[in-house]
Amino acid sequence: MMATNIPASISNQVTKNSPDRFIRLTFLILSLSILSFLLKYVSEWTHEFLGHCGFGWLAGGFPQSWYVSWIWPLEFGYANVTFPFGIGTTPRAIMMIGGIAACLIAALLSHSVVFLISRKKILPISSISTKKLIIFHILFWYGFWAFANSIGYLILGGLTNFGDIALFRIYTGAPSWIFIIIGFALFFLLFYLISFNASIIFHPLLPNTSSQKILTIFWLIIPLIFLLLFLNPDISVSTEIILASTGAMFLPSLIMVFLGNRFPKNITWKTFSQ
């Protein structure tokens, strides 16, 4: 069920010449570039270290090394975990799925925190403090990249028999199609949370822009990520799969064209609403 819009009056409409416009745009650019890039790296560290190494250690393995790429998805990281001889395939399967599991947990926790606090503290007054805005942007991007990491590996692993999913299938005998279904199911499960949170954190920076436009443009990041994944030299996939998958990834933006304005709007930044 979509969130109802909370009516609120913006006490100071932003004009092209207003002094706070520069601050809003600077915050937005820093969030979309530096903050997003750094937290993408942290999400990759979550995948390789907390996920593969952590789950591998819990399953009885011994983490040896790990590598986190700054340019994911154009390059993948890795983790090296050894196991005692004769330990069987189950611990290895746990280690392989650990990266995806860790990122899914991180995505769910991060976005749930932003969502729950927003529903309780932000929407009733339609205003957000600078401190909360910064914290929300950090949690949002960490959770988003953890989401993109785990969902990308699930769907690509099912489509191309690649990476963590390929090895997990060897250890468990699971069919490839099940990971495609799980990937898309989890995608749309988190789709609402992320859309809600994106509306909350970007509206204070773009007060004269509709939720529909903000969310439609924001979700264009998904086909871009998948296109970059397909450009990774470690992935070999047919043109048909690339076109079909990339086309499907435009669906979130298309949904927002029709439903974007059902998400929260008119959230003001307290710094400029006094």
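How much space lies in the second largest pocket? The answer is about 240 Å³, and the structure around that pocket is a good place to begin. The model is a predicted one, in which local features need pLDDT of at least 70 and side-chain atom pairs count only at pLDDT 80 or more, while totals for chains, interfaces and linings use all residues. Residues are numbered from 1 along each chain as its sequence is written, and side-chain values use heavy atoms, with hydrogens and water left out.

Some terms help here. On a 1 Å grid over the protein atoms alone, a pocket is an open set of points with protein on both sides within 12 Å along at least five of seven lines, a cavity is a set of points where a 1.4 Å probe fits but cannot get out, and lining residues have an atom within 4 Å of a point. Grid points are joined across faces, edges and corners, and a volume is the space filled by probe spheres set on the points. Helices (H or I, at least four residues) and strands (E, at least two) are DSSP runs, numbered from the N terminus.

The second largest pocket is lined by 16 residues, and His52, Gly77, Tyr78, Met96 and Asp164 are those nearest its centre. Two or more lining residues come from each of H1, strand E2 (78-82), helix H2 (90-122) and helix H4 (163-172). E2 provides the largest share, 4 residues. By class, this lining has 9 nonpolar, 5 polar and 2 charged residues; here Ala, Val, Leu, Ile, Met, Phe, Trp, Tyr, Cys and Pro count as nonpolar, Asp, Glu, Lys and Arg as charged, and the others, Gly among them, as polar.

The largest pocket has a volume of about 420 Å³. Its lining is made of 21 residues, with Leu32, Trp141, Ile217, Phe218 and Ile221 nearest the centre. Helix H1 (20-58), helix H3 (130-160), H6 and helix H7 (221-231) each supply at least two residues of this lining, which divides into 17 nonpolar, 2 polar and 2 charged residues.

Turning to closed spaces, the whole structure holds 2 cavities of 30 Å³ or more. The volume of the second largest cavity is about 40 Å³, and its lining consists of Phe147, Ala148, Ile151, Gly152, Phe187, Ile222 and Phe226. H3 and H7 each supply at least two of these residues, and H3 gives the most, with 4 residues. The lining has 6 nonpolar, 1 polar and no charged residues.

Helix packing comes next. Helix H6 (residues 211-218) and helix H9 (residues 251-259) pack at an angle of about 175 degrees, with axes 8 Å apart; axes are lines fitted to C-alpha atoms, for helices over the stretch in contact, and angles run from 0 to 180 degrees between N-to-C directions. H6 and H9 are therefore roughly antiparallel, a term for angles over 145 degrees. Gln212, Leu215 and Thr216 of H6 make the contact with Ser253, Met256 and Val257 of H9, where contact means heavy atoms within 4.5 Å. The residues of this contact comprise 3 nonpolar, 3 polar and no charged.

A few local details complete the picture. The count of salt bridges comes to 1, a salt bridge being a side-chain nitrogen of Lys or Arg within 4 Å of a carboxyl oxygen of Asp or Glu. This bridge links the side chains of arginine 24 and aspartate 20 (2.6 Å, N to O). Both residues lie in helix H1, 4 residues apart, about one turn of the helix. Elsewhere, tryptophan 72 and proline 73 are joined by a cis peptide bond, with omega about 15 degrees. Proline 73 sits in the loop between strand E1 (62-67) and E2. Serine 126, a residue other than glycine, has a positive phi near 50 degrees and is placed in the loop between H2 and strand E3 (127-128).

Technical notes:
Parallel < 35°, antiparallel > 145°, perpendicular 65-115°, else oblique.
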